[in-house]
Structures are given as structure tokens and as C-alpha cells.
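Me: I should like to learn how to read the features of a structural model. Could you take me through one, feature by feature?

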Amino acid sequence: MPSSSWSRFERLVGSRRVAQWSLGTWVALFVVWVVPFTLTGVPEPRIKRIVGGEWYFQLLYGVLLVNVLVCLLPRWRRALRSARLPSPLPADRLAEHRRSVGARCAATPGALGGRLADGGWTVVVDERAGALAAVRRRFSTVGSLLLHLSLALVLVAAFLVPRTTTGQVLVSEGESFSGAPEDYAQKPEPPPGRALPRAAFTVEKLRADFFEDKLFFKDLRAAVTHRRADATRTATVRLSEPLFFGPGTFVSLAGFNHALAYTLDGESRGRAVRREIVGVDSFPPGSEDKIRLLVGQRLSIHWAYVRVYPDVPEDGPSLHNISFAVGRPKLAVRMTRLLDDGTERPLGSWVVRLGEPIRFDRGTLTFDAIKYAGLFRLVDVPSLPWMSSAFIVGLVGLVWRTLLPREELYLARGREGDAEAWVLVGRVDYDRASGRGLALRWGRELGMSVEAGS
Amino acid sequence: MSGGWILPVLIAGYGGAAVAWVRVLGRGDPRGVARWWLTAVFAVHTAYLVARWAVVGHPPLFGTFENVLAASWALATMVLWATWRRTGWRDLAWASALPWLVILPGWGLRYPARLLPLTISERSLWVDVHVFFAWTAFDVIVFAVGTSSLVLARERWPERLTWVPEAEAVDVWLFRAVTLAFIGTSLVLATGSYYSVLLFGAWVRWEVVQVSSIVLWLALAMIVHARLFYGWGGPKLAWAVLAVLPVAVTSYWVWSVYRGTYHSFDIPLLRARDAGG
């Protein structure tokens, strides 16, 4: 592109005005549209589709990205090139500067320059004009560069967000998860070209602590073992402390449920005994889940609908539960048989303790144990390294730019014939109004008698 | 110890400090009575927070009651720091923060003071850091909004507000506050988003708190750019900062009245005997 065309393009697309209008449009769209959506029950996936998928939002993001790149890249080049020395400020016009400070000092410009150099300033002395200029923190612009670079990284990460894969699996104590698709309770649908999260582990122990007798988890953690680098390792997994299997692949303990160990004597003649541990969605108490049972020589399908009451001290039919932790559990079970026409025929209801048999049709069902089961969430977030880098780079840039702004200091002889009169001007590029404070402070540091009220 | 008594004490204490400050306003430094009064109330406030933390085992960040205590404590810290260090903006800090030091505990009276351990989703250093930056940013936003109000009020009634520092100095403090609020909000968003990925596998939950925080961040970015690019100052800058107030209040407090957010922690406690019918 010819340089004049590039300049026009740069002025148009990379202008500060476009930056402000884009930000303003973004704010306005969120305020009048997205925020009300969040308050009026619009489902989260729909809001996500609007903000991420609608053309006007995408246009806005595109404009902002182009604006940031076009606006900043040439400016940084120029800023870094000219950063080494103080910006020109004519010595004979310092007194007219609106933030100038008067001072008195008998030292020569060279001596003052020496003191400034000791304080970390880069100094240019003009002995003939009786003036000097100094600069420090000259790479402050790099902070701005990093901050805006992080926005570009966020955008790259945003493109990777749709490639996130999430799945859930219910694993009880002593059981393993192989990572196979059929082992998922809620199988993820990885985007094209992505595999399921690579994670395999065994739950050794699951601990759930409740606050008093309330439905309120004080602690929920699983001790798991997993293979890494040909060695078996043990780790603790919680909701807030996932176990990482790769840079963006991890598993966390997202929920709690029960697993029931049962024995099914599926034949009245005592053959075909089946023992199994099965995870059920029975928490909190009162939630009903069903177990599929194959009974008899014809393997007819039966359903056991189960509710788990973890701690019921009273005997008899009472389901007066006093705790969420497993103590003296009872199970409320109703059985049905699936008929050929697809309907279910009720076979009866029971309230039983562990070990008490339930006899139905030609089978006997006994629940032997209740275990804790963890609902593990497996997540593969390819954007994690990008977004984390963006956050770190952005925050470093933000702090660098704002807390260490470029400072410039100008000193020139004041009134003609008065060898001790000086004029000081300070400039802080991020915080222009504090330039006067800089001049006052450094005037005093240099041993000058500063006229604060001037 | 549940400690519901602390809020009336704070309302009376900080309210009294406000009255003492108004009475000595314009009569010069050191504003002795108001300063010592505020320090005494702050000491009670701090002692209560420390004791509560020791008993319940976590910093005050769970539910509205604890958060009004944390937010008001952070505000009182800012005022005391400005006062004891005799900064040029101490009167601005008093004027900005004192109404909130009464309003926030008053708001907290609506909520139970019960001692609850942290639930599992809040047991993380990320949450502690997130909340710390949130209340720090809220602090400086309160300061910026209060200072902006005074700038505009002085335009209208210059003879009554002679104690407000000169316009240029106010602009400097205001811009620094906006910058700090921007840094704080950036940290709040970054830590919150990262933790959101760990919890849900999603960087953004499209719910009111996170969305309004993004709006707040964008609005603060706009003000920073307006100052740097176009040299905004005086009433123009003040109006821009005031426009941020509704977004900031939504972002920081909506969760205490609106339950449809992942930030709501005034959890109704279901007893085991009531579960499952």
C-alpha cells in the first residue's frame, strides 16, 4: 500500500475516535440489551449465542481488533524510537508553561544534570542556553503495548472457546474411570477434530462433610489415583482444586451422589445371581432414580425406582431423615415390569434397610451397601494457555504503564540577570496533571528553593 | 456469637464520625474529634471481623452480611489512611465514604448474621484474591463517585464548598482513582474468569454480575481513554464518572437482591428432615 494511502487508512481506521465509539457501542449494547436479558430469565446459552454469534457483535469485535492493531503498531514504533531522549520543549518558553514552577538555586546546569543522572534520569544539558532536560522510565510505552497485545491474545483465545469439551461421569469409591466414551454419564460432544478429554483415574476415597443437618457442603473431596509418566500418583480433587492432566485438560469434583451395591437373584430357583454397583441420582434425599434389572430366563426388563434416605434412626415405614451423611440408611423402592407394549406394570413398593430382601415376580433384590459417588466434570479447554497468558501479559502491562509512567523534567534559567532563578516544568505522560507535582518534588530533591505557590 | 449487634454499632459509630467531621469542616486541620472517633469505631469493626474470622474460619466474604462488613471496613481503611497521612484528598475521602459507611451496614440489617463455613465452591485462594480486589476497586469507585459529585456541586454552589481542593488537584486524584478502579476491575475479571473456568469450564457466565462487571470495565476504559486522548477534566470527567455509578452498584450489589446469579450466597438452608418429603 502506498504510504499516503496507508496514512489515510491509519488515520481513519486506527483513530482514537473509532476506538472510543467502538467501546461506547459495546457498552451501550450490553447495557440496553444483554444486562436486561440476564435479569429477565433469558437462558444463558441464548445470551452466549447472541454475544458470540450475532453479526453486529462480531463486526464490533473486528472493528476493535483492527483499530487496536492499526492504531498502536505504528505509534509504538515511533514511541519506542523517540523514547530515549526527552521530548523537545524550548527552554526560552518554559516560563510560559501553565504548570511551570519557579525555583532558586546557585548550581550550574551541569551540576544539576549530574544530580539528576544519579537519580536515574537520562539528562541532556545545554550549558550555553542554561537549560537541561531529563527523562526516566522511558519504556513505559511498552506497558501500553503489552496491555493491548493481551487484548489480541484474548481474541485468539475467544476463537478457541467453541472447541471446549465438557463431560460428566459418576464414579463411586473403589471404581475407575477409563476415559472411554461409554463410561460417561453425560457424554461430551467434542467439536470436529477434537478428542474427548484424556483422563483416567480411580476414586480411592470420597469424603463429604455437611454443615450440621443442612444441605450445605463444608467439604467434598476425592482421593484419586492416576497414571502419569509410568508411575501411579495420588491426588486430591475438589470442585475448586481440579486435577490437571494437560495444559487445558482437567477433572474436578462437581457434585455428589450415591452408588448402590445390590444383589439380584433373578431366578426363583436360585440361579443367575447378579452383583453390581451402580451410581444413582438419588441426592438430595427424595430424588428418585431407576435401576434396570434383567430378571428370569427370558431376561425380562424390570425397573427398580429408588429413593435413598441416608440416616433414618426410626424403624418401621418411617422415612424421617435426620442427616445428609450416610448413617442408618433406608431405601424407598418401587418395582415395575416393562410390558411388551412399552408400559410399566407396578409390582409393589417397599421401605427397606440394607440387607433386607425385596421379593417381586420371580426375583429377589437386596441392597447390600450405599457408597458415596462423585460427579466428576472432565474439561478440555484449549483456550486456557492463551487466556492465562493474556491475563498475565495484560496485567503486567497495566501495572507497568500506570504505576511507572514516563517522566520528563525541564529546567531553564529564569529571569535575565538573576543567576539563581530557575523555571521547572515536569511532565508525566500517563497523568499529565501531576507534572507540576513532579517538578516541585524534584526541585526539592535537587536542593532548590522551590516556590510552591508559583 | 452471630454478631448481628455489630451493624447498629457501626451505623451509629460511623454516623457519629460523619457528624463530627461536618462540624469541624472548614475550620482547619487536624479534625481531631472526628479522626479519633472514626479510629475508635474502626477498631471495634476490625476486632469484630478478626474475631468472626477466627470463629468461622474464613475471611468475611460469604453472603451479604459479611460483604457489607468487608466493604465498609475497606472504605473506613481508605478514609483513615488518608486522614492519618494528612493527604490532600482526606476531606474528599470523608465526604465520599461516610454516606456509604452508614448505608452499607444499614443494608446488611436485612440479612442474617449467621456463622456459616464456606461452601465448597468458595474454598479457594482465587476467591479470596477476587474478593480482595473487588472491594479495593469498589473503594476507589466510591471515592471517584463522591469526588465527582463534589466537583459538580462546587460548580453549582462554589461559596458553600470552599473546602473542596482546587480543580486541577481534584482532576489528578479523580483520574488516579479511575485508573486504580480500572486496574482493580481488571484483576477482578481476570481472577473471576479463571476461577469460572475451573468451576464450570467457561470463561464467562452470562449472568448479571459478570456482564455488568464487563460493562464497568469497558466504561472505566472509556474514561481512561477520554482523559488520555482528549484531556477530559473538570465537570466533563466528573459526569463520566457519575455515569458509571449505576453499573458499579449493579455489579457489586445486585447479587444480594437477585438470586439468578452464581454470585448469590445468601443460601436458604434446607434441613435434612425437610428434604425429600
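Me: In β3(A), which residue is the bridge partner of T122(A)?

Reply: A bridge is read by finding the residue that faces a given residue on the paired strand. In this predicted model, T122(A) is partnered by V135(A) of β3(A). That bridge belongs to a wider pairing: β2(A) and β3 of chain A, residues 131-136, run antiparallel and share five bridges.

Me: What is the strand order of the open sheet of six strands in chain A?

Reply: A sheet is read from one edge to the other, strand by strand. The order here is β2-β3-β18-β19-β1-β20 of chain A, and the pairing is antiparallel. At the edges lie β2 (122-126) and β20 (449-451) of chain A, each of which pairs on one side only. On average, neighbouring strands of this sheet are turned by 20° against each other, direction ignored.

Me: Which strands of chain A does helix α8 lie across?

Reply: For a helix packed on strands, one asks which strands it touches and at what angle. Helix α8 of chain A, residues 435-445, lies across β1 (101-104), β3, β18 (407-413), β19 (421-428) and β20 of chain A. Relative to β19(A), helix α8 runs at about 130°.

Me: How is the interface with chain B to be read, and what area is buried between chain A and chain B?

Reply: One begins with the extent of the interface and then turns to its chemistry. Contact involves 63 residues of chain A and 59 residues of chain B. The buried area is about 5500 Å², with 69% given by carbon and sulfur atoms.

Me: How many salt bridges and polar contacts are found between chain A and chain B?

Reply: The rule finds two salt bridges across this interface. One of them joins the side chains of E44(A) and R205(B), at 2.8 Å from N to O. Residue pairs in polar contact number 16, counting pairs with both residues at pLDDT 80 or more. On the side of chain A that touches chain B, α2(A) gives the most, with 13 residues. The residues of that side comprise 34 nonpolar, 15 polar and 14 charged.

Me: Where in chain A do the backbone angles deserve a second look?

Reply: Here one inspects omega and phi. F283(A) and P284(A) are joined by a cis peptide bond, with omega about 0°; P284(A) sits in the loop between β11 (273-280) and β12 (288-295) of chain A. E212(A), although not a glycine, has a positive phi of about 50°, and E212(A) is placed in the loop between β6 (201-210) and β7 of chain A.

Methods:
Residues numbered from 1 in each chain as written. Chains lettered and ligands numbered in written order. Predicted model: local features only at pLDDT ≥ 70, side-chain atom pairs only at ≥ 80, totals over all residues. Heavy atoms only, no water. Pairing = 2+ DSSP bridges. Helix = DSSP H or I, 4+ residues; strand = E, 2+ residues; numbered from the N terminus. Axes fitted to C-alpha atoms, helices over the stretch in contact; angles between N-to-C directions. Contact = heavy atoms within 4.5 Å. Buried area = accessible area lost by both parts, 1.4 Å probe. Salt bridge = Lys/Arg side-chain N within 4 Å of Asp/Glu carboxyl O. Polar contact = N/O pair within 3.5 Å; in protein donor to acceptor, adjacent residues only side chain to side chain. Nonpolar A, V, L, I, M, F, W, Y, C, P; charged D, E, K, R; others polar.
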